[in-house]
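User: I'm in my first year and I'd like a close look at one part of this protein. Could you walk me through the mixed sheet and what sits around it, in everyday language?

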Amino acid sequence: MTDTTLDVVLPQVTTLAARVVDARRTYGVGGTSVHALDGVTVGFPARAFTAIMGPSGSGKSTLMHCMAGLDTLSSGQAFVGETDLASLTDRERTILRRDRLGFVFQAFNLLAPLTAEENITLPADLAGRHVDPVWFDTVVQALRVADRLEHRPSQLSGGQQQRVAIARALVERPEVVFADEPTGALDSRASAELLTFLRNAVDDLGQTVVMVTHDPVAAAYTDRVVFLVDGLVVEELDRPTRDAVLDTMKHLGR
(Lines give C-alpha, C1' and ligand atoms only; values in the text may rest on other atoms or scores of the structure.)
Protein backbone atom coordinates (compact mmCIF):
# COMPACT_ATOMS: atom_id res chain seq x y z
CA MET A 1 0.00 0.00 0.00
CA THR A 2 1.30 3.42 -0.93
CA ASP A 3 1.76 5.79 2.00
CA THR A 4 -0.15 8.93 1.14
CA THR A 5 0.36 10.63 4.50
CA LEU A 6 1.15 14.31 4.05
CA ASP A 7 3.24 16.35 6.45
CA VAL A 8 1.26 19.50 7.08
CA VAL A 9 3.13 22.46 8.48
CA LEU A 10 0.79 24.76 10.37
CA PRO A 11 1.63 28.43 10.69
CA GLN A 12 2.88 29.41 14.11
CA VAL A 13 1.27 32.41 15.75
CA THR A 14 3.32 33.87 18.56
CA THR A 15 1.39 35.90 21.09
CA LEU A 16 3.42 38.25 23.23
CA ALA A 17 2.39 38.21 26.88
CA ALA A 18 4.52 41.27 27.66
CA ARG A 19 6.76 43.62 25.71
CA VAL A 20 8.53 46.95 25.82
CA VAL A 21 9.22 49.35 22.95
CA ASP A 22 12.16 51.78 23.14
CA ALA A 23 11.99 51.49 26.92
CA ARG A 24 14.06 54.03 28.82
CA ARG A 25 14.32 54.46 32.58
CA THR A 26 16.51 57.15 34.09
CA TYR A 27 17.02 57.73 37.80
CA GLY A 28 18.25 61.09 39.04
CA VAL A 29 19.02 64.22 37.03
CA GLY A 30 22.01 65.94 35.57
CA GLY A 31 25.46 64.56 36.25
CA THR A 32 24.19 62.08 38.82
CA SER A 33 21.58 60.48 36.52
CA VAL A 34 21.70 56.75 35.83
CA HIS A 35 20.26 55.24 32.65
CA ALA A 36 19.01 51.86 33.88
CA LEU A 37 17.27 51.19 30.55
CA ASP A 38 18.58 52.90 27.43
CA GLY A 39 16.18 52.05 24.60
CA VAL A 40 15.12 48.42 25.05
CA THR A 41 12.70 46.80 22.62
CA VAL A 42 11.95 43.17 23.41
CA GLY A 43 8.95 40.83 23.60
CA PHE A 44 8.18 37.86 25.81
CA PRO A 45 6.02 35.14 24.20
CA ALA A 46 3.02 33.66 25.92
CA ARG A 47 3.26 30.05 27.16
CA ALA A 48 7.07 30.29 27.27
CA PHE A 49 9.76 30.44 29.95
CA THR A 50 12.19 33.33 29.40
CA ALA A 51 15.23 34.36 31.42
CA ILE A 52 16.71 37.86 31.65
CA MET A 53 20.43 37.88 32.42
CA GLY A 54 23.29 40.33 32.61
CA PRO A 55 25.91 41.74 34.96
CA SER A 56 24.96 43.72 38.06
CA GLY A 57 23.56 47.11 37.09
CA SER A 58 22.61 45.99 33.58
CA GLY A 59 18.91 46.83 34.03
CA LYS A 60 17.47 43.33 34.55
CA SER A 61 15.25 44.04 37.53
CA THR A 62 14.34 47.50 36.24
CA LEU A 63 13.09 45.95 33.00
CA MET A 64 11.00 43.42 34.90
CA HIS A 65 9.58 46.01 37.29
CA CYS A 66 8.60 48.31 34.43
CA MET A 67 6.93 45.47 32.52
CA ALA A 68 5.04 44.45 35.66
CA GLY A 69 3.83 47.96 36.44
CA LEU A 70 5.87 48.14 39.65
CA ASP A 71 7.92 51.00 38.17
CA THR A 72 7.23 53.42 35.33
CA LEU A 73 9.29 54.14 32.25
CA SER A 74 10.84 57.55 31.67
CA SER A 75 9.90 57.13 27.99
CA GLY A 76 8.87 54.37 25.62
CA GLN A 77 6.05 51.86 26.07
CA ALA A 78 5.41 48.78 28.20
CA PHE A 79 2.58 46.38 27.39
CA VAL A 80 0.89 43.47 29.15
CA GLY A 81 -0.88 41.73 26.30
CA GLU A 82 -2.27 44.65 24.31
CA THR A 83 -2.62 46.94 27.33
CA ASP A 84 -0.28 49.94 27.32
CA LEU A 85 0.62 50.48 30.97
CA ALA A 86 1.13 54.20 30.40
CA SER A 87 -2.55 54.54 29.46
CA LEU A 88 -3.66 53.36 32.91
CA THR A 89 -4.30 55.36 36.04
CA ASP A 90 -2.51 54.32 39.23
CA ARG A 91 -5.67 52.51 40.37
CA GLU A 92 -6.06 50.73 37.02
CA ARG A 93 -2.40 49.67 37.15
CA THR A 94 -2.94 48.27 40.65
CA ILE A 95 -5.95 46.29 39.42
CA LEU A 96 -3.98 44.98 36.43
CA ARG A 97 -1.19 43.75 38.72
CA ARG A 98 -3.73 42.12 41.03
CA ASP A 99 -5.87 40.50 38.34
CA ARG A 100 -3.49 39.66 35.50
CA LEU A 101 0.01 39.21 36.93
CA GLY A 102 1.79 36.98 39.42
CA PHE A 103 4.99 37.81 41.28
CA VAL A 104 7.70 35.64 42.80
CA PHE A 105 10.57 37.45 44.46
CA GLN A 106 13.67 36.34 46.33
CA ALA A 107 12.16 37.67 49.56
CA PHE A 108 9.18 35.39 49.91
CA ASN A 109 6.89 38.18 51.20
CA LEU A 110 4.74 35.80 53.24
CA LEU A 111 2.76 37.23 56.13
CA ALA A 112 3.95 35.63 59.38
CA PRO A 113 0.56 35.47 61.19
CA LEU A 114 -1.14 33.66 58.29
CA THR A 115 -1.04 29.98 57.44
CA ALA A 116 0.37 28.81 54.12
CA GLU A 117 -3.15 28.43 52.74
CA GLU A 118 -4.12 31.92 53.87
CA ASN A 119 -0.97 33.35 52.28
CA ILE A 120 -1.74 31.57 49.01
CA THR A 121 -5.31 32.85 48.80
CA LEU A 122 -4.63 36.31 50.25
CA PRO A 123 -4.69 38.29 46.95
CA ALA A 124 -7.98 36.68 45.95
CA ASP A 125 -9.40 37.23 49.42
CA LEU A 126 -8.47 40.92 49.33
CA ALA A 127 -10.14 41.25 45.92
CA GLY A 128 -13.28 39.47 47.15
CA ARG A 129 -12.83 36.58 44.74
CA HIS A 130 -13.10 32.84 45.28
CA VAL A 131 -10.21 30.59 44.30
CA ASP A 132 -11.12 27.65 42.05
CA PRO A 133 -10.78 24.72 44.49
CA VAL A 134 -9.82 22.24 41.77
CA TRP A 135 -7.07 24.51 40.46
CA PHE A 136 -5.94 25.27 44.04
CA ASP A 137 -5.54 21.54 44.70
CA THR A 138 -3.66 21.10 41.41
CA VAL A 139 -1.17 23.84 42.29
CA VAL A 140 -0.52 22.85 45.91
CA GLN A 141 -0.17 19.17 44.98
CA ALA A 142 2.25 19.96 42.16
CA LEU A 143 4.30 22.18 44.47
CA ARG A 144 4.22 19.57 47.26
CA VAL A 145 2.84 21.94 49.90
CA ALA A 146 -0.58 20.27 50.29
CA ASP A 147 0.49 18.85 53.67
CA ARG A 148 1.82 22.22 54.86
CA LEU A 149 -1.26 24.37 54.36
CA GLU A 150 -1.94 24.81 58.08
CA HIS A 151 1.67 25.73 58.87
CA ARG A 152 2.81 29.31 59.32
CA PRO A 153 5.92 30.61 57.50
CA SER A 154 8.12 30.16 60.60
CA GLN A 155 7.28 26.43 60.51
CA LEU A 156 8.37 26.04 56.88
CA SER A 157 11.81 25.60 55.34
CA GLY A 158 13.11 28.19 52.87
CA GLY A 159 12.21 25.96 49.94
CA GLN A 160 8.71 25.38 51.29
CA GLN A 161 8.20 29.10 51.80
CA GLN A 162 9.26 29.76 48.24
CA ARG A 163 6.88 27.11 46.93
CA VAL A 164 4.06 28.72 48.91
CA ALA A 165 4.99 32.06 47.33
CA ILE A 166 4.88 30.45 43.89
CA ALA A 167 1.50 28.88 44.65
CA ARG A 168 0.23 32.35 45.55
CA ALA A 169 1.53 33.68 42.23
CA LEU A 170 -0.10 30.88 40.20
CA VAL A 171 -3.36 30.18 42.03
CA GLU A 172 -5.36 32.72 40.04
CA ARG A 173 -3.87 31.70 36.67
CA PRO A 174 -2.24 35.06 35.84
CA GLU A 175 -1.33 36.00 32.30
CA VAL A 176 2.34 36.36 33.28
CA VAL A 177 4.40 35.29 36.28
CA PHE A 178 7.38 37.57 36.92
CA ALA A 179 10.12 35.95 39.01
CA ASP A 180 13.05 38.09 40.22
CA GLU A 181 15.96 35.88 41.32
CA PRO A 182 13.54 33.30 42.74
CA THR A 183 16.30 30.80 43.55
CA GLY A 184 18.71 33.28 45.12
CA ALA A 185 17.93 32.25 48.70
CA LEU A 186 17.60 28.53 48.05
CA ASP A 187 20.05 25.63 48.17
CA SER A 188 20.75 23.64 45.02
CA ARG A 189 18.13 20.98 45.70
CA ALA A 190 15.35 23.48 46.46
CA SER A 191 16.40 25.53 43.44
CA ALA A 192 16.14 22.51 41.14
CA GLU A 193 12.69 21.66 42.52
CA LEU A 194 11.49 25.22 42.01
CA LEU A 195 12.85 25.49 38.46
CA THR A 196 11.40 22.12 37.52
CA PHE A 197 8.00 23.25 38.70
CA LEU A 198 8.21 26.51 36.73
CA ARG A 199 9.28 24.51 33.67
CA ASN A 200 6.31 22.16 34.11
CA ALA A 201 3.96 25.09 34.70
CA VAL A 202 4.87 26.35 31.24
CA ASP A 203 4.83 22.96 29.49
CA ASP A 204 1.83 21.37 31.19
CA LEU A 205 -0.27 24.32 32.39
CA GLY A 206 0.37 26.85 29.61
CA GLN A 207 1.80 29.43 32.01
CA THR A 208 4.04 32.32 30.93
CA VAL A 209 7.11 32.91 33.11
CA VAL A 210 9.69 35.71 32.86
CA MET A 211 12.60 35.24 35.28
CA VAL A 212 15.55 37.44 36.19
CA THR A 213 18.53 35.29 37.16
CA HIS A 214 22.31 35.37 37.34
CA ASP A 215 22.59 31.57 37.38
CA PRO A 216 23.44 29.70 34.14
CA VAL A 217 21.98 26.50 35.61
CA ALA A 218 18.66 28.24 36.21
CA ALA A 219 18.73 29.77 32.73
CA ALA A 220 19.14 26.31 31.19
CA TYR A 221 15.58 25.48 32.31
CA THR A 222 14.17 28.20 30.07
CA ASP A 223 13.22 28.43 26.39
CA ARG A 224 15.14 31.64 25.77
CA VAL A 225 17.59 33.98 27.45
CA VAL A 226 17.70 37.73 26.87
CA PHE A 227 21.03 39.34 27.84
CA LEU A 228 21.28 42.96 28.97
CA VAL A 229 24.40 45.10 29.33
CA ASP A 230 24.30 48.78 30.33
CA GLY A 231 20.55 49.00 29.84
CA LEU A 232 20.51 47.48 26.36
CA VAL A 233 19.60 44.06 24.95
CA VAL A 234 22.86 42.83 23.44
CA GLU A 235 22.23 39.11 22.84
CA GLU A 236 19.50 36.47 22.80
CA LEU A 237 19.88 32.70 23.11
CA ASP A 238 17.23 30.13 22.20
CA ARG A 239 17.07 26.64 23.78
CA PRO A 240 19.90 27.53 26.16
CA THR A 241 22.22 25.08 27.82
CA ARG A 242 24.35 25.85 30.85
CA ASP A 243 27.53 25.84 28.76
CA ALA A 244 26.01 28.03 26.04
CA VAL A 245 24.89 30.55 28.66
CA LEU A 246 28.36 30.55 30.27
CA ASP A 247 30.02 31.07 26.90
CA THR A 248 27.70 33.97 26.09
CA MET A 249 28.30 35.57 29.48
CA LYS A 250 32.08 35.30 29.00
CA HIS A 251 31.71 36.91 25.56
CA LEU A 252 29.67 39.76 27.05
CA GLY A 253 32.34 40.34 29.67
CA ARG A 254 35.03 41.07 27.11
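Analyst: Here is a walk through that sheet, then its surroundings, then the rest of the chain.

Keep in mind that this model is predicted. The chain has eight helices and 10 strands, and the part you asked about uses six of those strands, in the order S6-S7-S8-S3-S9-S10. The sheet is open and its pairing is mixed. Here's a bit of background: strands of a sheet pair through backbone hydrogen bonds, either parallel or antiparallel.

What stands at the edges? Strand S6 (101–105) is at one edge and S10 is at the other. Each has a single partner strand, so one side of each is left without a neighbour in the sheet. Going across this sheet, neighbouring strands are turned by 20 degrees against each other on average, if you ignore direction.

Now for the pairs themselves. Strand S7 (residues 176–180) and S8 are a parallel pair, joined by four bridges. If you want a spot to find on screen, look for Asp180, whose bridge partner in S8 is Val212. Helix H2 (residues 90–100) also packs on the sheet, where it touches S6 and S7. The direction of H2 makes about 80 degrees with that of S6.

Over at S9 and S10, the pairing is antiparallel: strand S9 (residues 224–229) and strand S10 (residues 232–238) share six bridges. One of the matched positions is Arg224, with Asp238 as its bridge partner in S10. S9 and S10 make a hairpin with two residues between them. In that turn, Asp230 has a positive phi of about 50 degrees.

Next, look at helix H6, which lies across strand S3 (49–53) and S8 and runs at about 130 degrees to S3. The loop between H6 and strand S8 (209–212) holds Gln207. Is Gln207 buried or exposed? It counts as buried, because its relative accessibility is 7% and the cut-off for buried is under 20%. Which residues does Gln207 touch, once neighbours within four places in sequence are left aside? Its contacts are Arg47, Ala48, Leu170, Pro174, Glu175, Val176, Val177, Ala201 and Val202. For a sense of distance, Gln207 and Val245 are 38 residues apart in sequence, and their C-alpha atoms are 23 Å apart in space.

H6 (residues 188–205) also brings us to the nonpolar interior, since it gives the largest nonpolar core its largest share, seven residues. That core has 43 residues, and Ile120, Ile166 and Val225 touch the most other members. Leaving out residues up to four places away in sequence, Ile120 touches Phe136, Val140, Leu149, Val164, Ala167, Arg168 and Val171. Apart from this core lies another one, with 28 residues, among them Ala18, Val20, Met64 and Cys66.

Ile120 belongs to helix H3 (residues 116–127), where Ala116, Asn119, Ile120, Thr121, Leu122 and Ala124 are buried. The buried residues of H3 pack against helix H4 (133–142) and helix H5 (158–170). Just after H3 comes Gly128, with a positive phi of about 75 degrees.

There is also an open sheet of four strands, in the order S2-S1-S4-S5, with antiparallel pairing. Its edges are strand S2 (34–45) and strand S5 (83–84); each has a single partner strand, so one side of each has no neighbour in the sheet. Strand S1 (residues 16–27) is joined to S2 by nine bridges, and Arg24 stands opposite Asp38 in S2. Helix H1 (residues 60–67) packs on this sheet, touching S1, S2 and strand S4 (75–80), and its direction makes about 60 degrees with that of S2.

Finally, zoom out to the whole chain. The C-alpha trace spans about 75 × 50 × 35 Å along its principal axes. A compact globule of 254 residues would have a radius of gyration near 18 Å, and the chain's 19 Å agrees with that. Of its residues, 46% count as buried. Take the contacts between residues at least 6 apart in sequence: 68% of them join residues at least 24 apart. As for the outside, the accessible surface comes to about 13100 Å², and 51% of it belongs to carbon and sulfur atoms.

Note on methods
Residues are numbered from 1 along each chain as its sequence is written. This is a predicted model: local features need pLDDT of at least 70, side-chain atom pairs count only at pLDDT 80 or more; totals for chains, interfaces and linings use all residues. Side-chain values use heavy atoms; hydrogens and water are left out. A nonpolar core is a set of buried Ala, Val, Leu, Ile, Met, Phe, Trp, Tyr and Cys residues joined through side-chain atoms within 4.5 Å. Buried means under 20% relative accessible area, exposed over 50%, partly exposed in between (1.4 Å probe, protein chains only). Contact means heavy atoms within 4.5 Å. Two strands pair if DSSP finds at least two bridges between them. Axes are lines fitted to C-alpha atoms, for helices over the stretch in contact, and angles run from 0 to 180 degrees between N-to-C directions. The radius of gyration is taken over C-alpha atoms; the globule rule is 2.2 Å times the number of residues to the power 0.38. Accessible areas come from the Shrake-Rupley method with a 1.4 Å probe; for residues, only the protein chains shown count as cover.
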